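Here's a handful of short exercises to work through with the viewer open. Try each task before you read its solution.

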Amino acid sequence: MGITFLSLPPFALATGMVVLPVLWWGWSPPVTFTPFSDDPLRHIEQMIAPTLVLALTSGAVVMRVARTTFLE
């Protein structure tokens with residue numbers, strides 16, 4: 001699984017996270033920006049997908065480095 005997220009460029013993973021839920025379930029993520037001061041919950045909801053993409057791509061690097069270190 002780490003190799004998958006390591007080999008995918010972040011923009012491809014982000015595009016997939018936006019397009020696939022629309023195709024499968026008809027759900028679209030919020031596309032307009034809401035400042036945190038106006039609606040904190042809506043702002044946090046909007047930041048979930050970008051945070052998840054960055055966490056998966058960064059986590060893949062950490063996973064591979066940890067595996068290599070443990071094998072030594």
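**Exercise 1. Decide whether W24 and W25 are buried or exposed.**

Keep in mind that this is a predicted model.

Step 1: Take W24, which sits in helix 2, the run covering residues 10–25.
Step 2: Its relative accessibility is 58%. The cut-off for exposed is over 50%, so W24 counts as exposed.
Step 3: W25 gets the label exposed as well.

**Exercise 2. Find how many aromatic pairs there are, and work out what geometry the rings of W24 and W25 have.**

Step 1: Rings pair up if their centres lie within 6.5 Å. By that rule the count is 1 aromatic pair.
Step 2: The ring centres of W24 and W25 are 5.6 Å apart, with the planes at 75°.
Step 3: Plane angles over 60 degrees count as edge-to-face, so the W24 and W25 pair is edge-to-face.

**Exercise 3. Say which residues form the nonpolar patch on the surface, and give its accessible area.**

Step 1: Start from the two tryptophans you already know, W24 and W25, which both belong to the patch.
Step 2: Add V18, V19, L20, L23 and W27 to complete the list.
Step 3: Together these residues have about 820 Å² of accessible area.
Step 4: For context, the accessible surface of the protein chain comes to about 5600 Å². Carbon and sulfur atoms account for 73% of that surface.

**Exercise 4. Work out why the protein chain is described as more spread out than a compact globule.**

Step 1: Get the secondary structure: 3 helices and 0 strands, in the order α-α-α along the sequence.
Step 2: Compare the radius of gyration, 16 Å, with the 11 Å that the globule rule gives for 72 residues. The value is well over the rule, so the chain is more spread out than a compact globule.
Step 3: Check the extents. The C-alpha trace spans about 50 × 30 × 15 Å along its principal axes.
Step 4: Look at burial too: 15% of the 72 residues count as buried.
Step 5: Finish with contacts. Among those between residues at least 6 apart in sequence, 51% join residues at least 24 apart.

**Exercise 5. Place P30, then list what it is in contact with beyond its neighbours within four places in sequence.**

Step 1: P30 is in the loop between helix 2 and helix 3.
Step 2: With 24% relative accessibility, P30 counts as partly exposed.
Step 3: Its contacts, sequence neighbours within four places aside, are R42, E45 and Q46.
Step 4: Look back towards the patch as well. P30 and V18 are 12 residues apart in sequence, and their C-alpha atoms are 9.9 Å apart.
Step 5: Now follow E45, which belongs to helix 3 (residues 40–71). E45 is partly exposed at 38% relative accessibility, and its C-alpha is 8.8 Å from that of P29, 16 residues away in sequence.

**Exercise 6. Classify H43 and P40 as buried, exposed or partly exposed.**

Step 1: H43 is in helix 3, and so is P40.
Step 2: H43 has 16% relative accessibility. Buried means under 20%, so H43 counts as buried.
Step 3: Leaving out neighbours within four places in sequence, H43 is in contact with F33, T34, P35 and F36.
Step 4: P40 has a relative accessible area of 37%, so P40 is partly exposed.
Step 5: One last distance: P40 and A14 are 26 residues apart along the chain, with 23 Å between their C-alpha atoms.

Definitions and conventions:
Residues numbered from 1 in each chain as written. Predicted model: local features only at pLDDT ≥ 70, side-chain atom pairs only at ≥ 80, totals over all residues. Heavy atoms only, no water. Patch = residues over 30% accessible without salt bridge, like charges linked within 9 Å, V, L, I, M, F, W, Y side chains within 5 Å. Areas by Shrake-Rupley, 256 points an atom, 1.4 Å probe, with all protein chains shown as cover. Salt bridge = Lys/Arg side-chain N within 4 Å of Asp/Glu carboxyl O. Helix = DSSP H or I, 4+ residues; strand = E, 2+ residues; numbered from the N terminus. Buried < 20%, exposed > 50% of the residue type's maximum accessible area, 1.4 Å probe, protein only. Phe/Tyr/Trp six-rings, centres within 6.5 Å; stacked < 30°, edge-to-face > 60°. Rg over C-alpha atoms; globule rule 2.2 N^0.38 Å. Contact = heavy atoms within 4.5 Å.
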